[in-house]
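Me: Please take a close look at a single part of this model and then place it beside the cores and the sheet. Keep the cut-offs explicit.

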Amino acid sequence: MHLGPNGPATLEAFLAFLQGAAEGASALLLPGDVFDAWVGDDELDAPAPWLQEVVAGLRAAGARIPVYLAGGNRDFLMGGRLAEATGTHRLPAPALIATDAGKFLLSHGDELCTDDVEYQQFRAMVRDPQWQAQFLAQPLAARQAMARQLRERSMAEKSRKAADIMDVNQQAVEAALRAHGVTRMIHGHTHRPGRDVFEMDGRRCERWVLPDWDLDDPADPRGGWLEIDRDGPAYHDIAPER
């Protein structure tokens, strides 16, 4: 969802989605990048109005159904204080989930983009506990400024990288499936929603990719989610008709 101060339509859609999930789902799993940036749980000390709405919406949903949050490449610093404030649960990454349609491996997905060596080096750095401790020791305003700079740098780097480099690596996908003993995976991150079917070790495998949300983009408003029931996964699109 990449929620932040500059996406009112996306925020409105997300809050409506939370209410619908609380009324009709048995559980909700959000595998990363709920926030466009999260630089520490002290963002809750004086939350902006949009963040207050997100916290309230998550708390209301979490009071009715289990809601699970995992960190993405933008909000991996979400901590226990946020979970407590929202009444949600931490979701390991990756997570092996059991559904009415069987088991799936759920991941944010950025760890599978192994062809992007530059990004993987950066990912390893920011996931290091020592780096995180030094980063969180800085004032909140400084961390927020750094997050904006990293966002701008990321956008610039995407414009110069080949599209296939920023997609998941097939060998990494298969290694993850083998490691967890499953044949189906769900992930996000790449913003390339769809279903990929392939053979691995003589077995039919599936990779479902979640869409990103941006209802504030006038040229390409988009968003959606994946529902899993006994019949299997199904996409739901919330983008307005154009």
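Reply: S107 lies in strand β5, residues 102-107; helices (H or I, at least four residues) and strands (E, at least two) are DSSP runs, numbered from the N terminus. The model is predicted: local features need pLDDT of at least 70 and side-chain atom pairs pLDDT 80 or more, while totals for chains, interfaces and linings use all residues. Residues are numbered from 1 along each chain as its sequence is written, and side-chain values use heavy atoms, leaving out hydrogens and water.

S107 counts as buried because its relative accessibility is 4% (buried is under 20% relative accessible area, exposed over 50%, partly exposed in between; 1.4 Å probe, protein chains only). A polar atom of the S107 side chain lies 3.0 Å from the backbone nitrogen of G109. Beyond its neighbours within four places in sequence, S107 is in contact (heavy atoms within 4.5 Å) with P31, P94, I186, H187 and G188.

Next, the cores. The largest nonpolar core (buried Ala, Val, Leu, Ile, Met, Phe, Trp, Tyr and Cys residues joined through side-chain atoms within 4.5 Å) has 34 residues, and F14, L30 and F35 have the most contacts inside it. At least two of its residues come from each of α1 (8-24), β1 (28-30), α2 (49-62), β2 (67-69) and α5 (129-136). Apart from this core lies another of 13 residues, among them L112, V173, M185 and M200.

Last, the sheet. Three strands form an open, parallel sheet in the order β1-β2-β3, where pairing requires at least two DSSP bridges between two strands. β1 and β3 (89-90) each have a single partner strand, so one side of each is left without a neighbour in the sheet. β2 and β3 pair over 2 bridges, and H89 in β3 is the bridge partner of Y68.

Conventions
A polar contact is a pair of N or O atoms within 3.5 Å; within protein, one must be able to donate a hydrogen and the other to accept it, and residues adjacent in sequence count only if both atoms are side-chain atoms.
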